[in-house]
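Thanks, everyone. Let me put the structure up and walk through a few strands and a surface patch.

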Amino acid sequence: MTADRGVVVVRAAAVVVLAMIVQAGLVSHLSMFGVRPEVTLLLAVTGGVAAGPDRGAVLGFVLGLSYDLFLQTPFGLSALIYALLAYAIGSVQLQMATRRPPARMLFVGVGTVVGIVVWVMVGLLFDAVAATTGAIVRVALVAGVVNSVLGLPVLRLWAWVFAPEAPLRVPT
Amino acid sequence: MRSGRSRFVLLLLIVTALSLVTLDFRGFGPLGTVQRSVRGLFEPMVGVGDLALSPFRNAWRGVTDYSTVERENAELRLQIEKLESDPLRQQNAQQQLDELKAQLQIVTAANTDVRIARVISGPVANFENNVRIDKGSSSGIRPAMVVVTAAGLVGRVAEVTDSQAVVELMDSRNFGVGVRPASAVAPTNFVLRGQGAGRPLHVQGELAAGSVQVGDAVVTSGLDRSAFPPDIVVGAISRVPDPSGAAGGSNRVSAVEVTPVVDPSSLSFVTVLLWERKG
């Protein structure tokens with residue numbers, strides 16, 4: 001591992017730990033319209049947008065696995081979905097290669113909505129989640145809007161994380 | 001070439017995640033131990049973060065929950081007045097009942113060792129239905145122990161670390177508890193199932209028409225090998241469908257609902273019963 005790669009790994013690990021502290025320490029007390037912020041999903045989606053499909057998938061997996069530690073759902077469920085989601089978002093972003101902020105906000109918002117819906121569907125499949133259609137729609141829409149607004153500053157955070165290495169495949 | 005490597009990494013991640021899900025479903029012991037250990041490492045950091053972030057959290061709640069707090073305050077004043085109206089008679093009756101049960105050596109929630117715990121947070125994620133408490137295995141708390149308040153049943157311990165525990169709330173999907181109507185003369189036991197956060201519990205199966213009425217209090221039955229000690233208040237019957245509406249004019253009713261007596265959204269302190277199921 002090169003020194004630059006080492007710095008990136010340390011920075012990424014620090015972001016993951018910070019995300020867990022915020023998700024478990026702050027989010028568990030906050031809600032807007034009965035919806036809790038989806039911090040780890042935001043980081044996974046923006047990780048895919050910022051770092052592309054390869055590194056995004058690994059980031060999504062690590063974020064999801066860390067998140068799974070705190071959840072009652074089957075261990076590995078979030079890791080599976082976040083890895084796939086970050087890979088898909090990264091692939092689409094790579095094809096479009098747009099740097100325009102509104103487009104990136106849209107990516108993050110849509111990615112969040114898809115992530116929540118898929119997570120709940122798979123959770124229902126495992127009989128590990130209880131949710132009404134109304135609740136799923138409400139959570140997906142509110143979290144999608146909130147995450148699209150927070151997406152740009154978080155993309156800058158990922159740009160800082162990956163700065164020591166070669167430029168991102170999709171520049172921020 | 002790049003695409004092939006990329007797909008290989010993704011495939012590896014998918015296989016790893018699916019393996020973990022499978023192992024978790026099969027109750028693979030070492031995985032649970034690793035989970036608890038890593039979560040135990042996170043807990044002090046989350047605690048510090050929680051403390052540091054509390055001013056932001058309080059400011060946010062002040063902005064978003066002010067009207068709710070005012071309404072709850074008014075409701076609580078009404079409840080206090082109601083509770084203060086007849087305390088001595090209730091106290092005397094309860095004391096007599098507890099003494100009688102102690103003499104008969106009946107194990108109940110009232111004569112079980114307990115731990116008082118503070119609720120430190122709600123669920124970490126959307127679609128979860130639990131609370132975290134500040135006592136864990138170092139205080140003698142084990143998975144499946146029953147959690148109550150003075151009002152009644154809250155849920156049961158789902159996961160434990162050294163210093164914290166996660167309590168699954170009773171309105172969680174698939175939560176089951178054996179109960180009986182508190183005033184039933186003939187033995188009428190049935191099982192309640194949670195339907196999801198904020199929704200009433202459903203009676204599993206059918207009941208004889210007339211065996212329960214709207215407003216009847218429901219308590220844990222505490223039958224042999226039950227996961228709950230007897231006589232813990234669970235809630236009140238809130239809906240009994242009309243049996244005449246059933247096909248064939250049945251004398252049985254289904255889809256009976258019970259509203260929990262404890263509001264999980266307003267929990268501050270809970271009591272963990274250090275009681276474990278027999279056998």
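In chain B, start with one residue pair: Val177(B) has Leu192(B) in E7(B) as its bridge partner. Keep in mind that this is a predicted model.

Now the strands around that pair. E6 of chain B covers residues 176-181, and E7 of chain B covers residues 190-193. The two run antiparallel, joined by four bridges.

E6(B) has another partner. Which strand is joined to E6(B) by three bridges? That is E10 of chain B, residues 217-220, and again the pairing is antiparallel. Two contacts to look at here. Val179(B) has Thr220(B) in E10(B) as its bridge partner. Arg180(B) stands opposite Val219(B), also in E10(B).

Follow E10(B) onward. It pairs with E11 of chain B, residues 233-239, in the antiparallel sense. Three bridges hold that pairing in the model. Ala217(B) is the residue to find on screen: it stands opposite Ala236(B) in E11(B).

So much for the strands. Over to chain A.

Which residues form the nonpolar patch on the surface? They are Leu106(A), Val110(A), Val114(A) and Val118(A). Together they have about 320 Å² of accessible area.

Take Val114(A) from that patch. Val114(A) sits in helix H4 of chain A, residues 101-125. Is Val114(A) buried or exposed? Neither label fits: its relative accessibility is 39%, so Val114(A) counts as partly exposed. The cut-offs are under 20% for buried and over 50% for exposed.

That's my tour.

Key. Residues are numbered from 1 along each chain as its sequence is written. Chains are lettered from A and ligands numbered from 1 in the order in which they are written. This is a predicted model: local features need pLDDT of at least 70, side-chain atom pairs count only at pLDDT 80 or more; totals for chains, interfaces and linings use all residues. Side-chain values use heavy atoms; hydrogens and water are left out. Two strands pair if DSSP finds at least two bridges between them. Patches are made of residues with over 30% relative accessible area and no salt bridge: like charges are joined within 9 Å, nonpolar side chains (Val, Leu, Ile, Met, Phe, Trp, Tyr) within 5 Å. Accessible areas come from the Shrake-Rupley method with a 1.4 Å probe; for residues, only the protein chains shown count as cover. A salt bridge is a side-chain nitrogen of Lys or Arg within 4 Å of a carboxyl oxygen of Asp or Glu. Buried means under 20% relative accessible area, exposed over 50%, partly exposed in between (1.4 Å probe, protein chains only).
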